[in-house]
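Trainee: Could you take me slowly through the pockets of this protein, with most of the attention on the largest one?

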Amino acid sequence: NVEALAPYGRLVQMGLRKGKDVTFDFKVLMNKWGMMTGGHLRPRTIEQKGQLRDALREHVLPRMVAGTLPMPEIQGALTLAQAGEAHALLEGGQVIGKIILDVKA
């Protein structure tokens, strides 16, 4: 969300949830001196995907283990039997953060 972006922040969008067309007030991004980039993994080569994996291992996983990586916003947890409900919430655009499916519940 561009409005939640910090001044001079960087918004990275990986993949799309609702198709290719995106609408937002570009002036909000400009006023924050923000940057926006994105991509998806499907067209990447195996070598490129391996490089991304290695970068995650080097830069992200150590921060996760150390507890210094900011955790995502979690809206809620639903049982696997409620997967349809979770999908409907995501499609409705009402989710802020993540929905977790608890496969053990």
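What follows is a close look at the largest pocket, with a shorter look at the second largest.

Mentor: This is a predicted model, in which local features need pLDDT of at least 70 and side-chain atom pairs count only at pLDDT 80 or more, while totals for chains, interfaces and linings use all residues. Residues are numbered from 1 along each chain as its sequence is written, and side-chain values use heavy atoms, with hydrogens and water left out.

The protein averages a pLDDT (the predictor's confidence in each residue, from 0 to 100) of 86, and 98% of the residues score at least 70.

The largest pocket (an open set of points on a 1 Å grid over the protein atoms alone, where a 1.4 Å probe fits, with protein on both sides within 12 Å along at least five of seven lines) has a volume, meaning the space filled by probe spheres set on the points, of about 1100 Å³. Its lining, made of residues with an atom within 4 Å of a point, counts 28 residues, and the closest to the centre are Asn1, Val2, Leu11, Gln13 and Val22. Strand β1 (strands are DSSP runs of E, at least two residues, numbered from the N terminus) gives the largest share of this lining, 4 residues, although β1, residues 10–14, also has the lowest mean pLDDT among the elements, 81. Both β1 and β2 (35–39) supply at least two lining residues each. By class, the lining divides into 13 nonpolar, 8 polar and 7 charged residues, where Ala, Val, Leu, Ile, Met, Phe, Trp, Tyr, Cys and Pro count as nonpolar, Asp, Glu, Lys and Arg as charged, and the others, Gly among them, as polar.

The second largest pocket holds about 390 Å³ of space, and its lining has 4 nonpolar, 1 polar and 2 charged residues.
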